[in-house]
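Hi everyone, thanks for coming. I'd like to walk you through one structure today, so let's put it on the screen.

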Amino acid sequence: MTPDPHRARPRNGVGPQAALAPDSGVAAAAPGPVVDMGEFGAYAGAHRIAAVEGDGELVRVTWDDGATAAFHRLWLRDNCACADCRHPQTRERTVKLVDIAEPGRPEVVADGDGALTCTWADGHVSRFDPTWLRQRRPEADAAAQPTPRLWTAQRMADGLPSVDHQSVMHTDDGLCRWLDALSRDGAALITDGPSDLNEVVRVAERIGWPRETNFGRHFDVQSKPNPNNAAYTAIRLEPHVDLPNWQRSPDFQFLYCLENEAEGGESLLVDGFAVAGALAQEDPEAYETLCTLPIDFRFQDADNDIRFRAPVIGRDADGQVCEIRFNNWIRDAQPMAPETAERFYRGYRRFWELLRDPAYMIRFPLKPGCMMAFDNLRVLHGREEFFPNTGKRHLQGCYIDRDLVESRLRVLERG
Ligand SMILES: [Zn+2]
């Protein structure tokens, strides 16, 4: 199919690779892969395998520029990409190590194409593309993880990264630039859009589909009679993440401004990962408390009672901060031993003070036709008090899963 940059992608957009403009040169300049490994992503490269040797359980590979790597023989057998081992259409693994005989140590050779060929004890032959294998060197794995660009108020002094609505909605390049900024900085704006009801959902559908919650597929942020949430009042909202009372809190939040004539109501954003880092430096004991002490969060109304217990600062298996659960109004009245309360309130107060610190927090009016998006588990959001009798204020919001955001970006970036 012919790439058409002005055509909106299908809403679940897993269609053919029309993402890159024909003149981007990414696919055209590089030679094709040596071995079909059944990947959509680019793995054609200049370096061929120059030498291989078996070494006990390992296969040692040397590329023609001197780069080396060692692969375990079972890893190689498991990752064979032949039509018997990987389904040619679904690209999923079909070989089951549990069902095949112990493969033994393979006979290995760097063949004439610069690929690795392994011949196993039962006669099965596996071939590996030199660049595909190079991308999967064990030591390359850590560097492949995208690292967030943490920010302070000073770094965002000129405003959030932004892309205009027309470009995001109608060009793959615009959508790609916006999603890239959103995933690295944890926050990005769309500007100059229409003030149409439910436009926030149409933006989400450009990526995937909204994540529904007890507040619906999307929600209206305006002062309402009989509110069941602080966002539906006019009071100041301290920086917070949405729905930490869910085991799976929403990953990203979109807030689209339709009307903002009321006085006050400026938006607040703060990079919670940057603030957590600052707390770790300044007060390691407080940081450790917030990372390890489980806290109860709870939302209750006539129809729901949704609760979850987790530390305020979440860390991943590598010890890196991976989520923030800070939302003072839905923190539950949790039973707490006095000595625990002493530790908790000291750390919680200091973290909260840092979240409010103008060195970290940015503050700006969200204009009609603008949409702010942020990583709900990293960038805390809030707003100043507004005065409903001075004019209308109407925002619409929705949530979307990280899987969909990252998937759309990967598909757009395919070479
Ligand atoms: Zn195979």
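What distance separates the centres of domain 1 and domain 2, taken over C-alpha atoms? It is 43 Å. Please keep in mind that this is a predicted model. As for the bounds, domain 1 covers 30-144 and domain 2 covers 162-413.

Now let's turn to a sheet. Four strands make up this open sheet, in the order 10-20-13-18, with antiparallel pairing. At the edges stand strand 10 (237-240) and strand 18 (361-364), each with a single partner strand, so one side of each has no neighbour in the sheet. On average, neighbouring strands here are turned by 15° against each other, ignoring direction.

Let me zoom in on one pair. Strand 13, residues 267-271, and strand 20, residues 379-383, run antiparallel and are joined by five bridges. Within that pairing, Ser267 stands opposite Arg383 in strand 20.

And what packs on this sheet? Helix 10 does, touching strand 10, strand 13, strand 18 and strand 20. The direction of helix 10 makes about 105° with that of strand 10.

Helix 10 itself spans residues 338-356, which is 19 residues. From first C-alpha to last, helix 10 reaches 27 Å, close to the 27 Å expected at 1.5 Å a residue. Its buried residues include Phe344, Tyr348, Phe351 and Trp352. Seen down the axis, the buried residues of helix 10 fall within an arc of 165°, so they line one face of the helix. Turned away from that buried side, you'll find the exposed residues Pro338, Glu339, Glu342 and Arg349.

That's my tour, thank you!

Technical notes:
Residues are numbered from 1 along each chain as its sequence is written. This is a predicted model: local features need pLDDT of at least 70, side-chain atom pairs count only at pLDDT 80 or more; totals for chains, interfaces and linings use all residues. Side-chain values use heavy atoms; hydrogens and water are left out. Helices (H or I, at least four residues) and strands (E, at least two) are DSSP runs, numbered from the N terminus. The expected span of a helix is 1.5 Å times one less than its number of residues. Buried means under 20% relative accessible area, exposed over 50%, partly exposed in between (1.4 Å probe, protein chains only). The arc is that of the directions from the helix axis to the C-beta atoms. Domain bounds come from an automatic or database domain assignment. Two strands pair if DSSP finds at least two bridges between them. Axes are lines fitted to C-alpha atoms, for helices over the stretch in contact, and angles run from 0 to 180 degrees between N-to-C directions. Contact means heavy atoms within 4.5 Å.
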